[in-house]
Amino acid sequence: MRLDKYLANKGLGSRKEVKKYIEEENVYINGLLVTKANKEINPEKDKLVLKNKDKISKDYLYLMMNKPSGFICQTKSLSKKTVIDLLPKDLQKKDLSPAGRLDLDTEGLVILTNDGLFLQKIISPSSTIYKKYYARVDKAMEEADIKKFEEGIYIKEENYKCLAAKLEIISPKECYVYIREGKYHQVKRMLKACGKKVLYLKRLAIGKVYLDKNLKSGSYRKLSDEEIYLLKKDFD
Ligand code: URA
């Protein structure tokens with residue numbers, strides 16, 4: 001793994017801040033000074049010594065965005081518009097990444113940050129943070145589907161049993177889905193396993209942080225200190 005990525009993931013700072021910190025001669029690997037941010041390291045074998053850790057500036061940014069359909073949750077793409085393209089130019093330079101991916105056609109809450117540790121915690125497979133989705137489907141939902149979700153849906157094509165999740169039916173063809181995992185097309189696949197096709201999907205919440213109802217599709221705002229606190233509290 002690249003040294004700057006490793007240190008950013010550990011929460012030392014954003015990639016840019018970490019790069020500056022490395023170039024300023026603060027990092028020793030196996031006793032030798034390293035000043036190249038792209039140095040490949042083996043975190044399990046290499047011995048890292050970090051000097052002047054307190055000097056690293058941390059101007060982390062945390063944004064919430066109401067993602068419209070037609071944008072991908074990546075930082076770069078040659079062929080598609082990304083969520084980063086929705087930000088003004090100054091923020092596009094801030095090294096932000098989406099914490100978890102929504103499909104091209106899925107709308108709703110995306111959190112963007114340059115805090116590597118925060119990103120890791122949200123997307124980690126062992127994350128216990130629930131994400132809430134609103135889904136509209138093509139056929140009427142049944143009581144039996146609620147049980148299937150509770151027991152853990154089995155996805156045949158993947159030979160994978162999902163973790164227990166929650167399904168709340170709000171009208172015959174509308175529901176809320178609460179999941180902890182974030183596998184590819186997870187909600188769509190879970191509902192498909194119940195015989196339903198998702199016609200519309202929107203993420204409403206990550207943990208206790210809800211999509212701001214005043215945030216128009218395609219816009220963003222900074223997370224409040226309270227929202228950042230609510231998310232970080234769930235990491236413990
Ligand atoms: N599950 C899906 O199927 N799609 C998303 O975009 C998010 C969760």
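Here's a quick look at the ligand site in this model and the protein around it.

Keep in mind that this is a predicted model. The protein has 236 residues, and 45% of them count as buried. Its fold is made of seven helices and 14 strands, and the C-alpha trace spans about 65 × 40 × 35 Å along its principal axes.

Now to the ligand. It takes up the space of the largest pocket. Around the ligand you'll find Leu102, Asp103, Thr106, Tyr133, His185, Gln186, Val187, Lys188 and Leu201. By type, that shell splits into four nonpolar, three polar and two charged residues. Helix H6, which covers residues 186-193, gives the largest share of the shell, with three residues.

Which protein atoms sit opposite the oxygen atoms of the ligand? Here are three such pairs, each with an N or O atom on the protein side.

| Residue | Part of the residue | Ligand atom | Distance |
|---|---|---|---|
| Asp103 | backbone N or O | oxygen | 2.7 Å |
| Thr106 | side-chain N or O | oxygen | 2.8 Å |
| Gln186 | backbone N or O | oxygen | 3.4 Å |

So how much of the ligand's area does the protein bury? Taken alone, the ligand exposes 240 Å², and the protein buries 97% of that.

If you're setting up the site, note the chemistry of the pairs: Asp103 and Gln186 use backbone atoms, whereas Thr106 uses its side chain.

Definitions and conventions:
Residues are numbered from 1 along each chain as its sequence is written. This is a predicted model: local features need pLDDT of at least 70, side-chain atom pairs count only at pLDDT 80 or more; totals for chains, interfaces and linings use all residues. Side-chain values use heavy atoms; hydrogens and water are left out. A residue is near a molecule or strand if one of its heavy atoms lies within 4 Å of it. A polar contact is a pair of N or O atoms within 3.5 Å; within protein, one must be able to donate a hydrogen and the other to accept it, and residues adjacent in sequence count only if both atoms are side-chain atoms. Accessible areas come from the Shrake-Rupley method with a 1.4 Å probe; for residues, only the protein chains shown count as cover. On a 1 Å grid over the protein atoms alone, a cavity is a set of points where a 1.4 Å probe fits but cannot get out, and a pocket is an open set with protein on both sides within 12 Å along at least five of seven lines; lining residues have an atom within 4 Å of a point. A molecule sits in a cavity or pocket if more than half of its atoms lie within 2 Å of its grid points. Helices (H or I, at least four residues) and strands (E, at least two) are DSSP runs, numbered from the N terminus. Ala, Val, Leu, Ile, Met, Phe, Trp, Tyr, Cys and Pro count as nonpolar, Asp, Glu, Lys and Arg as charged, and the others, Gly among them, as polar. Buried means under 20% relative accessible area, exposed over 50%, partly exposed in between (1.4 Å probe, protein chains only).
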